[in-house]
Amino acid sequence: MTPLVVVILVGVPLAWLVGFAAYAYVDAPKYGMDPRKWALIAFFVPLFGFFAYIFERGERDYDSETDPYAGGSDGRTGGFAVHESRQGEERLGPAGTEADDGDDDEWNDPDGVDL
């Protein structure tokens, strides 16, 4: 094999792995994570290890106050909320038909919510 082919087939992917590991090592302390652990994972588990670090890093700064789907004191339970513009509309039954106005439409309500 020519040296150019070796550089392309071995050197470029190795450079990417080193780059991913270096980024994880430098960035991890900002989020209170172990830099050595995440650098090793990013290096030895190609591509998936780096994405695992990125997704794990994103989960570290979750704030339930800014999450629109978190259950809160505004009447939402289990991530279910009806937009103000949709209040009072007819609910749909099976196959898009209108649901009966009686109490037998409980199938349409999420657990813990009585509409």
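Me: Why is Asp27 called buried?

Reply: In this predicted model, Asp27 has a relative accessible area of 5%, and since the word buried applies under 20%, the value of 5% places Asp27 in that class.

Me: What makes the pair of Arg57 and Asp27 a salt bridge?

Reply: The closest N and O atoms of Arg57 and Asp27 are 2.5 Å apart, and because a side-chain nitrogen of Arg has to come within 4 Å of a carboxyl oxygen of Asp, the pair meets the requirement and is called a salt bridge. Arg57 belongs to helix H3 and Asp27 to helix H1, so this pair ties together parts that are 30 residues apart in sequence.

Me: How do you know whether Arg57 is buried or exposed?

Reply: Its relative accessible area is 16%, and as the limit for buried is under 20%, Arg57 counts as buried. Leaving aside neighbours within four places in sequence, Arg57 is in contact with Tyr23, Asp27, Tyr31 and Met33.

Me: What makes Asp27 and Lys30 a salt bridge, and which class does Lys30 fall into?

Reply: Here the closest N and O atoms are 3.9 Å apart, which still satisfies the requirement of within 4 Å, so that Asp27 and Lys30 also form a salt bridge. Lys30 has 63% relative accessibility, and because exposed means over 50%, Lys30 counts as exposed, whereas its partner Asp27 is buried. The structure holds 2 salt bridges, and Asp27, Lys30 and Arg57 are linked in a network of them.

Me: What makes up the largest nonpolar core, and which elements give two or more residues to it?

Reply: Phe20, Ala24, Ala28, Met33, Trp38, Ala42, Phe50 and Tyr53 make up this core, 8 residues in all. They are grouped in this way because a core joins buried nonpolar residues through side-chain atoms within 4.5 Å. H1, helix H2 (35–44) and helix H3 (48–59) are the elements that give two or more residues to the core. In soluble globular proteins, nonpolar side chains tend to be buried together. One of the core residues is Tyr53, and, not counting residues up to four places away in sequence, Tyr53 touches Tyr23, Ala24, Asp27, Ala28, Tyr31, Met33 and Trp38.

Me: How do you know where the buried residues of H2 lie around its axis?

Reply: The buried residues in H2 are Pro35, Trp38, Ala39 and Ala42. Seen down the axis of H2, these buried residues fall within an arc of 105 degrees, so they line one face of the helix. Arg36 and Phe44, on the other side of H2, are exposed.

Me: Why is Phe43 called partly exposed?

Reply: Phe43, which is found in helix H2, has 25% relative accessibility, and because partly exposed covers values between the 20% limit for buried and the 50% limit for exposed, that is the class given to Phe43. Leaving aside neighbours within four places in sequence, Phe43 is in contact with Leu14, Leu17, Val18 and Ala21. The C-alpha atoms of Phe43 and Gly19, 24 residues apart along the chain, are separated by 8.7 Å.

Me: What makes the phi of Leu47 worth a remark, and how exposed is Leu47?

Reply: Phi of Leu47 is near 60 degrees, a positive value in a residue other than glycine. Leu47 is placed in the loop between H2 and H3, and its relative accessible area of 46% stays short of the requirement of over 50% for exposed, so Leu47 is called partly exposed.

Me: Why is Leu9 called exposed, and which patch does Leu9 help to make?

Reply: Leu9 lies in helix H1 (residues 3–27) and has a relative accessible area of 55%; because exposed means over 50%, the name applies to Leu9. Met1, Leu4, Val5, Val6, Ile8, Leu9 and Val10 together make a nonpolar surface patch of about 710 Å².

Me: What pattern does the protein chain follow, and how much of the chain counts as buried?

Reply: The protein chain has 3 helices and 0 strands, and read along the sequence it follows the pattern α-α-α. Of its 115 residues, 18% count as buried. The accessible surface of the chain comes to about 8,900 Å², of which 60% belongs to carbon and sulfur atoms.

Note on methods: Residues numbered from 1 in each chain as written. Predicted model: local features only at pLDDT ≥ 70, side-chain atom pairs only at ≥ 80, totals over all residues. Heavy atoms only, no water. Patch = residues over 30% accessible without salt bridge, like charges linked within 9 Å, V, L, I, M, F, W, Y side chains within 5 Å. Areas by Shrake-Rupley, 256 points an atom, 1.4 Å probe, with all protein chains shown as cover. Helix = DSSP H or I, 4+ residues; strand = E, 2+ residues; numbered from the N terminus. Buried < 20%, exposed > 50% of the residue type's maximum accessible area, 1.4 Å probe, protein only. Contact = heavy atoms within 4.5 Å. Arc of directions from axis to C-beta.
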